[in-house]
Amino acid sequence: MKKVHFFLIIAVSLFLSACSFLGEVNDSIDYVNQATDHINKLNNFAEDAPQLIEQAANDLEIQKELETQLVTLKQDIENFININNVPSVAKEVHQELVIKNELLLGEINEVLQNGHLALDKLESSQIFTTVNEVTNLLNRIENLGQ
């Protein structure tokens with residue numbers, strides 16, 4: 001009877017370990033998807049914005065669209081910074097992303113004065129350089145999922 005209990009305890013322990021491991025893998029995949037989605041949003045903005053900036057100088061509607069995109073991007077950045085369920089394998093790269101996103105948030109706040117876009121400040125900002133630096137972390141993030 002003691003042998004049965006012993007094997008049962010071993011089996012339950014192995015099962016719980018496997019569940020824990022699978023949970024960590026699922027958390028890692030979820031994080032990779034969240035981070036990749038976030039970086040893609042930043043990258044899409046960086047690709048579209050230069051043309052919009054050029055057009056916004058002469059078109060108030062496009063300036064408003066650009067302002068809306070920046071406000072939305074700001075909210076996305078704040079949401080990403082506040083992610084709580086970062087798996088242990090991603091903690092280091094997440095911390096780097098948080099630092100870059102906080103820098104980006106500060107840059108966006110500088111070009112959105114009183115909630116309105118300061119187009120001249122956007123043109124001379126470091127936003128696009130910072131987005132590029134964040135995008136460079138994408139390979140490291142994608143490797144977490146493997």
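Visitor: How many salt bridges does the structure hold?

Guide: This predicted model holds four salt bridges.

Visitor: Why is the contact of Lys41 with Asp76 called a salt bridge?

Guide: The closest N and O atoms of Lys41 and Asp76 are 3.9 Å apart, and because a salt bridge requires a side-chain nitrogen of Lys or Arg within 4 Å of a carboxyl oxygen of Asp or Glu, the pair qualifies. Asp37 belongs with Lys41 and Asp76 to a network of salt bridges.

Visitor: What makes the pair of Lys41 and Asp76 a tie between parts of the chain?

Guide: Lys41 lies in helix α1 (residues 2-56) and Asp76 in helix α2 (residues 60-81), so the pair ties together parts that are 35 residues apart in sequence.

Visitor: Why does Glu67 count as buried or exposed?

Guide: Glu67 has a relative accessibility of 12%, and since buried means under 20%, Glu67 counts as buried. Its salt-bridge partner Lys64, at 40% relative accessibility, counts as partly exposed, because that class lies between the 20% and 50% limits. Both residues lie in helix α2, three residues apart, about one turn of the helix.

Visitor: How do you know that Glu133 and Lys100 meet in a salt bridge?

Guide: The N to O distance for Glu133 and Lys100 is 2.9 Å, which is within the 4 Å cut-off, so the pair meets the criterion. Glu133 lies in helix α5 (residues 127-135) and Lys100 in helix α3 (residues 91-111), so this pair ties together parts that are 33 residues apart in sequence. Glu133 is partly exposed at 31% relative accessible area, and Lys100 is partly exposed at 25% relative accessibility.

Note on methods:
Residues are numbered from 1 along each chain as its sequence is written. This is a predicted model: local features need pLDDT of at least 70, side-chain atom pairs count only at pLDDT 80 or more; totals for chains, interfaces and linings use all residues. Side-chain values use heavy atoms; hydrogens and water are left out. Helices (H or I, at least four residues) and strands (E, at least two) are DSSP runs, numbered from the N terminus. Buried means under 20% relative accessible area, exposed over 50%, partly exposed in between (1.4 Å probe, protein chains only).
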